Amino acid sequence: MTKLEKRLIAFSAAFALMFGVTQTVSAMHIAEGFLSPGWCIGWGAVCIPFLIAGVLRIKRTVFRHRKSLILLAMAGAYAFILSALKIPSINGSSSHPTGTGMAAILFGPAATAVLGLIVLLFQATLLAHGGLSTLGANTFSMAIAGPLVSWGIYKLCKKCRVNRLVSIFLAAGLGDLFTYCVTSFQLAFDHPSEAGGVMASAAEFLGVFAVTQVPLAIVEGLLTVVVMMGLEAYAKPELTEIGYLKSSKEAQA
């Protein structure tokens, strides 16, 4: 990473601290109007350094591995389709898979942040799923926090020599669940309970979404395993090129 790129990320991180941390929030996909302006701006600001790092990561990956563009597009499409499937929950709310775990496993959390932002932007404008004012909050929960957990779990499982398919299942499923944990706290910060404050409100939101989100996370984990098995069978050269699979020389060593 060049000095200019490091300075750019450092500057964006400072900007995020100035405008994101000091706000008092009002931010599932969170719909338009569910968050106050201060929290909308704050969550958007927090996303900036991750997005800049993601653009630089994608630029570097595509420059080195042109064929990775196909996998990038496929990972984005996978996230778009899964996260657009709204499943009715209790109290008139809805839940959905996130689909970002696969991108995090293949390209890391930084690149996934950019893919997730694009997915959320298209869904907000074309499907009225989510909102433009809440784009920052939704990006942080679904495209940053969840993928970070998915990537971390996958790397930890790999280091512990857990079976690859089990690792994919755990990474995708737990990343999905963590996304909704973050979303629940985003809503709780902006809409604290009069009786118990933020924690009571967060527990209420978590309880509402857990009814449908836990089985959805299991389904997403299983589906991601199936898709990755297909990629390993039909896109082995591309997966080897980006480092997901070992080359024959590395495997022999």
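## Helix H5 and its surroundings: worked exercises

In this predicted model, helices H3 and H5 are oblique to each other.

**Exercise 1.** Establish which angle and axis distance describe the packing of H3 and H5, and which residues make the contact.

*Solution.* Two packed helices are described by the angle between their axes and the distance between the axes. The axes of H3 and H5 cross at roughly 45 degrees and come within 9 Å. Angles under 35 degrees would count as roughly parallel and those from 65 to 115 as roughly perpendicular, so the pair is classed as oblique. The crossing in which H3 passes H5 is right-handed. On the H3 side the contact is formed by Leu72, Ala75, Gly76, Ala79, Phe80 and Ser83, while H5 contributes Leu115, Val119, Phe122, Gln123 and Leu127.

**Exercise 2.** Describe the extent of H5, and find which helices its buried residues pack against.

*Solution.* H5 covers residues 109–127, and its 19 residues reach 25 Å from the first C-alpha to the last, close to the expected 27 Å. Its buried residues include Leu115, Val119 and Gln123, and the buried residues of H5 pack against H2, H3, H4 and H6. Just after H5, Ala128 adopts a positive phi of about 55 degrees.

**Exercise 3.** Decide whether Thr100 is buried or exposed, and locate its contacts.

*Solution.* Thr100 lies in the loop between strand S2 and H4. Its relative accessibility is 3%, and because buried means under 20%, Thr100 counts as buried. Beyond four places in sequence, Thr100 touches Ala79, Thr112, Met142, Pro147 and Glu220. A polar atom of the Thr100 side chain lies 3.3 Å from the backbone oxygen of Met142.

Note on methods
Residues are numbered from 1 along each chain as its sequence is written. This is a predicted model: local features need pLDDT of at least 70, side-chain atom pairs count only at pLDDT 80 or more; totals for chains, interfaces and linings use all residues. Side-chain values use heavy atoms; hydrogens and water are left out. Helices (H or I, at least four residues) and strands (E, at least two) are DSSP runs, numbered from the N terminus. The expected span of a helix is 1.5 Å times one less than its number of residues. Buried means under 20% relative accessible area, exposed over 50%, partly exposed in between (1.4 Å probe, protein chains only). Contact means heavy atoms within 4.5 Å. A polar contact is a pair of N or O atoms within 3.5 Å; within protein, one must be able to donate a hydrogen and the other to accept it, and residues adjacent in sequence count only if both atoms are side-chain atoms. Axes are lines fitted to C-alpha atoms, for helices over the stretch in contact, and angles run from 0 to 180 degrees between N-to-C directions. Angles under 35 degrees count as roughly parallel, over 145 as roughly antiparallel, 65 to 115 as roughly perpendicular and the rest as oblique. A crossing is left-handed if the near helix is turned anticlockwise from the far one by less than a right angle, and right-handed if clockwise.
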